[in-house]
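Q: Hi! Could you walk me through this structure? I'm new to this, so plain words would help.

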2 protein chains.
Amino acid sequence: MPRWEPDAVGRLQAAALELFAEQGFERTTIAEITQRAGLTKRSFFNHFADKREVLFGPVSESQREIVTREITACPDDLPPLETVVYGLQAAADAIFETRRTAVTRRREILDANPDLQERELRKRAALTEAIAGALRTRGIDSDTAFLSAHAGMVVQQTAMQRWTQSPENRPLRAFLSDALLSLRTIAAQTTTQRGVPSET
Amino acid sequence: MPRWEPDAVGRLQAAALELFAEQGFERTTIAEITQRAGLTKRSFFNHFADKREVLFGPVSESQREIVTREITACPDDLPPLETVVYGLQAAADAIFETRRTAVTRRREILDANPDLQERELRKRAALTEAIAGALRTRGIDSDTAFLSAHAGMVVQQTAMQRWTQSPENRPLRAFLSDALLSLRTIAAQTTTQRGVPSET
């Protein structure tokens, strides 16, 4: 792994995502990407093993590192699901906040290329497992860790979707808090509450 | 699609899962499967396009049909997440209850074969999307449908895991109710509740 160089990575990704959007993922060459980014092929291969890695590479790894590190370091009194959201918010601030356009474009490219979605699902499963692992190192039992990690990923996906579609300029961190509240509301609704309308 | 024949499908699956467990997925041939099941190759290909379909075929499709049908037909006063669990419980009764050994074996085979896990993730994503779609046809907004479908799948995975690992003989339906309660508990925990231990 080369060291993390935000400028080169960011420029290459921005250029690649623009080109994927303009002419399709399959038809875009690495030469075109480096040309538009004003960088060399060598610089490209310093950061990405191949074209797909533009969509799945350093950013995903960096996200996993930050989320698991923050979960491990998180205050003791936070309950499991809030711990997960705490980690996801740290990664939101550090990685995604300045990349809303890139995240949106990436989403559109994945939606248009079913072949790429498998890799996305696999990456997401790996992140979920890493989160559950980080929770277990905090002494949380594996059943609760499993549930909290998966629930946290539902919060993450919901927040990302709302954030990229929202006309407002609120930070992703706020969307994560909102999505946690939405999940909490949906999980709390029971038949009794709604089935017996005007009692209690 | 041939019509649903529980006996042939069940026998072929049981034979295949036994053989996969004994000698590995890759090394098992369709001839061996049909021989052990006491059925013909023709019967195999009536139900499964290939060896992988034993793990992902008719049962997954049948599950999706039942879950979406039951969600669509579910009583109006059920809130969204309970509606999803209602559908999952119907499929649990109709499909999985009599197949605990097969479900457990299948899980072990998927765990041992990373290549197969992608297909599993894809199937799961398709089921999640089908559930969200069924909720939307009930007039539930797409944001709530998305969250409820994903939360429901977390309940499903948790329940399946506990059910296959449990020494007790409780029905999967009960594990689904329990997993919903666990999710509800985890989602409800807030810092305030735990951070301020002995007040309120």
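What follows is a chat about the chains, their helices and a few residues.

A: Happy to. One thing to keep in mind is that this is a predicted model.

Q: Good to know. How many helices and strands are there in chain A?

A: Chain A has eleven helices and zero strands. Going along the sequence, the pattern reads α-α-α-α-α-α-α-α-α-α-α.

Q: What does chain A span along its principal axes?

A: The C-alpha trace of chain A spans about 65 × 40 × 30 Å along those axes.

Q: And what share of its residues count as buried?

A: Chain A has 200 residues, and 35% of them count as buried. As for contacts in chain A with a separation of 6 or more, 62% are between residues 24 or more positions apart.

Q: Now the two chains. What turn lays chain A on chain B?

A: A turn of 180 degrees, with a shift of 0.0 Å along the axis, lays chain A on chain B with an RMSD of 0.0 Å. The two copies are therefore related as by a two-fold rotation axis. Both copies also use the same surface, as 100% of the contact residues of chain A recur in chain B.

Q: How many residues does the contact take from each chain?

A: Chain A gives 30 residues and chain B gives 30 residues. On the chain A side, H6 (80–96), H8 (114–137), H9 (142–165), H10 (172–188) and H11 (191–195) each supply at least two residues.

Q: Which helix of chain A gives the most to that side?

A: That is H9(A), with nine residues.

Q: Let's stay with H9(A), then. At what angle does it pack with H8(A)?

A: H8(A) and H9(A) pack at about 135 degrees, and their axes are 8 Å apart. That angle is why the two helices are called oblique to each other. H8(A) passes H9(A) in a right-handed crossing.

Q: Which residues meet there?

A: From H8(A), they include A:Thr128, A:Ile131, A:Ala132 and A:Leu135, and from H9(A), they include A:Ala145, A:Ala149 and A:Met153.

Q: Tell me about A:Ala149. Is it buried or exposed?

A: A:Ala149 is buried, because 25 other C-beta atoms lie within 10 Å, and the cut-off for buried is 20 or more. Apart from neighbours within four places in sequence, A:Ala149 is in contact with A:Val84, A:Thr128, A:Ile131, A:Ala132 and A:Leu135.

Q: How far apart are A:Ala149 and A:Ile30 in space?

A: They are 36 Å apart, C-alpha to C-alpha, and 119 residues apart in sequence.

Q: What about H9(A) and H10(A), at what angle do they pack?

A: The angle is about 125 degrees, with the axes 8 Å apart. H9(A) and H10(A) are therefore oblique to each other. H9(A) passes H10(A) in a right-handed crossing. Among the residues that meet are A:Ala151, A:Val154 and A:Val155 in H9(A), and A:Leu176, A:Leu180 and A:Leu183 in H10(A).

Q: Switching to chain B: how do H6(B) and H10(B) pack?

A: H6(B) (residues 80–96) and H10(B) (residues 172–188) pack at an angle of about 155 degrees, with their axes 8 Å apart. That makes H6(B) roughly antiparallel to H10(B), since angles over 145 degrees count that way. H6(B) passes H10(B) in a right-handed crossing. Residues such as B:Val85, B:Leu88 and B:Phe96 in H6(B) are among those that meet B:Leu172, B:Arg173, B:Leu176 and B:Leu180 in H10(B).

Q: Which residues touch the most other members in the largest nonpolar core?

A: That core has 71 residues, and A:Ala151, A:Leu176, A:Leu183, B:Ala151, B:Leu176 and B:Leu183 touch the most other members. In soluble globular proteins, nonpolar side chains tend to be buried together.

Q: What is B:Leu183 in contact with?

A: Setting aside neighbours within four places in sequence, B:Leu183 is in contact with A:Leu147, A:Ala151 and A:Ala187 from chain A, and with B:Ala151, B:Val154 and B:Val155 from chain B.

Q: Last one: where does B:Met160 lie?

A: B:Met160 lies in helix H9 of chain B, residues 142–165. B:Met160 counts as buried because it has 21 C-beta neighbours inside 10 Å. B:Met160 and B:Thr104 are 56 residues apart in sequence and 9.0 Å apart in space, C-alpha to C-alpha.

Methods:
Residues are numbered from 1 along each chain as its sequence is written. Chains are lettered from A and ligands numbered from 1 in the order in which they are written. This is a predicted model: local features need pLDDT of at least 70, side-chain atom pairs count only at pLDDT 80 or more; totals for chains, interfaces and linings use all residues. A nonpolar core is a set of buried Ala, Val, Leu, Ile, Met, Phe, Trp, Tyr and Cys residues joined through C-beta atoms within 7 Å. A residue is buried if 20 or more other C-beta atoms lie within 10 Å of its own, exposed if 12 or fewer, and partly exposed in between; C-beta atoms are placed from the backbone. Two residues are in contact if their C-beta atoms, placed from the backbone, lie within 7 Å. Copies are superposed by least squares on the C-alpha atoms of residues with pLDDT of at least 70 in both. Axes are lines fitted to C-alpha atoms, for helices over the stretch in contact, and angles run from 0 to 180 degrees between N-to-C directions. Helices (H or I, at least four residues) and strands (E, at least two) are DSSP runs, numbered from the N terminus. Angles under 35 degrees count as roughly parallel, over 145 as roughly antiparallel, 65 to 115 as roughly perpendicular and the rest as oblique. A crossing is left-handed if the near helix is turned anticlockwise from the far one by less than a right angle, and right-handed if clockwise.
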